[in-house]
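Please open the structure in your viewer and keep the selection tool at hand. The tour goes from stop to stop, saying at each one what to select and what is there.

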Amino acid sequence: MSFHCSNSNYVVTHNSLYCTNNSRIPNSSTLKFKFKLKCATNNRFIKIVAKSSNSDSQQPTITTPTSFLSFLCPLLKLFSGGDPSGQRNFALELATSSLASISRFAWGRKSVVDSALNKDMDSNLPISLQLFEFEACPFCRRVREAMTELDLSVEVYPCPKGSVRHRELVRKTGGREQFPFLIDQNSGVSMYESSDIVKYLFEQYGEGRSPSLGLLESTIFTGWMPTILRAGRGMTLWERSSLDPPPGKLELFSYENNPNARIVREALCELELPYILQNVGEGSRRMKLLLDASGSKEVPYFVDHKTGFQSGDYKMILSYLFTTYSSAIL
């Protein structure tokens, strides 16, 4: 069934509405909205009402106190380590991050694509995928896990609560403040909804593979446990973060389920620093890039191409980030 709107054509399926430009009006969001579409064949109007309850969606101007994440955010801040630039108990940090990895089982640990298809990888190749997300979000986590398994590089634009740059960009581009939000510049597709994004990525880049159930659905234990264990790290913009974006490219070699790399990604999110994420899970075809850069297969490995700083020690990386991209005095 096709309908004509003022500037787009739409197709209605049994539970979804798709635009001909490949974007999807989701059937699950916290938004409730109404609009009319005019049938192209008989000029009759149909009224569409969309309503949902997925907790990874947020109104830009209306708070949702009943959402689990909105409830958790202030609660977790009470138990967090406070100033992220301050002295940390790294034994505790690593222990909780390791438990967070265990709670997600093997998802986001290794590549499932054929590494022989592209043996030679170039770090200077253009990256088509852009992901707007924040580290503590369980829905965003599933998308990052899928990207590790599909061995994909992506431009990450952290969108912590209190964001001064990237959340506004999502609102202008997609129409609402909801995460994760994916843009694929190869296909021109932009989309919300974590399960839809995971399905799309596997359809486009999975070489015929299907995502595991754990990437599509999550329980309170497997989905929220990493967020709870990490006490909301990577959730909120730090008040002393720099208001200006980094002057050069930041690059992080990582894989989603690595405990050390998670701590670095949390800091990048709290400072709202965009970066290139080079996924190098077990069996990754990008492993040679990591070896050439660091001489090791260990992650995280971080490079600031503007200043020349590079390190594989997550403690040194944290110190560098907060010294360089905030007003903290370390």
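The stops below run from the cores to a helix pair, then to aromatic rings, a strand residue and some backbone details. Keep in mind throughout that this is a predicted model.

**The cores**

Begin by selecting Met147, Leu182, Leu201, Leu268, Phe302 and Leu321, which are the residues with the most contacts inside the largest nonpolar core, a set of 42 residues. Add helix H10, residues 314-324, and you have the element that gives this core its largest share, six residues. Now centre the view on phenylalanine 302: leaving aside residues up to four places away in sequence, its contacts include Leu250, Leu268, Phe309, Ile317, Tyr320 and Leu321. Apart from the largest core lies another one, of 16 residues, and Phe139, Cys140, Val170 and Met235 are among them.

**A pair of helices**

Next, select helix H3 (residues 138-149) together with helix H5 (residues 194-205), which pack with their axes 9 Å apart and at an angle of about 10 degrees. Angles under 35 degrees count as roughly parallel, and H3 and H5 are therefore described in that way. To see the contact itself, show the side chains of Phe139, Arg142, Val143, Ala146, Met147 and Glu149 on H3, and those of Ser194, Ser195, Ile197, Val198, Leu201 and Phe202 on H5. Coloured by character, the residues of this contact divide into eight nonpolar, two polar and two charged.

**Aromatic rings**

The structure holds 13 aromatic pairs, and two of them are visited here. In the pair of phenylalanine 105 and tryptophan 107, the ring centres are 5.5 Å apart and the planes stand at 80 degrees, so the pair is edge-to-face. Is phenylalanine 105 buried, exposed or partly exposed? With 47% relative accessibility, phenylalanine 105 counts as partly exposed.

Move on to phenylalanine 181 and tyrosine 192, whose ring centres are 4.6 Å apart with planes at 40 degrees, so that this pair is tilted. Phenylalanine 181 belongs to strand E9 (residues 181-184), while tyrosine 192 sits in the loop between strand E10 (189-191) and H5, so the pair ties together parts that are 11 residues apart in sequence. Phenylalanine 181 counts as buried at 1% relative accessibility, and tyrosine 192 is buried as well, with a relative accessible area of 7%. Select Phe132 and Tyr157 in addition, and you will have a cluster in which ring pairs link these two residues with Phe181 and Tyr192.

**A residue in strand E7**

Now pick glutamine 130, which is found in strand E7, residues 129-133, and which is buried, with a relative accessible area of 13%. Although glutamine 130 and tyrosine 157 are 27 residues apart along the chain, their C-alpha atoms are separated by 7.4 Å. Among the residues that glutamine 130 touches are Val154, Tyr157, Phe181 and Leu182.

**Backbone details**

Most residues other than glycine have a negative phi, and most peptide bonds are trans. Against that background, select phenylalanine 179 and proline 180, joined by a cis peptide bond with omega about 5 degrees; proline 180 lies in the loop between helix H4 (166-174) and E9. A cis peptide bond also joins valine 299 and proline 300, with proline 300 in the loop between helix H9 (287-294) and strand E13 (301-304).

Finish at glutamate 193, which is not a glycine and yet has a positive phi of about 75 degrees. Glutamate 193 has its place in the loop between E10 and H5 and is buried, with a relative accessible area of 2%.

Key. Residues numbered from 1 in each chain as written. Predicted model: local features only at pLDDT ≥ 70, side-chain atom pairs only at ≥ 80, totals over all residues. Heavy atoms only, no water. Core = buried A, V, L, I, M, F, W, Y, C linked by side-chain atoms within 4.5 Å. Buried < 20%, exposed > 50% of the residue type's maximum accessible area, 1.4 Å probe, protein only. Helix = DSSP H or I, 4+ residues; strand = E, 2+ residues; numbered from the N terminus. Contact = heavy atoms within 4.5 Å. Axes fitted to C-alpha atoms, helices over the stretch in contact; angles between N-to-C directions. Parallel < 35°, antiparallel > 145°, perpendicular 65-115°, else oblique. Nonpolar A, V, L, I, M, F, W, Y, C, P; charged D, E, K, R; others polar. Phe/Tyr/Trp six-rings, centres within 6.5 Å; stacked < 30°, edge-to-face > 60°.
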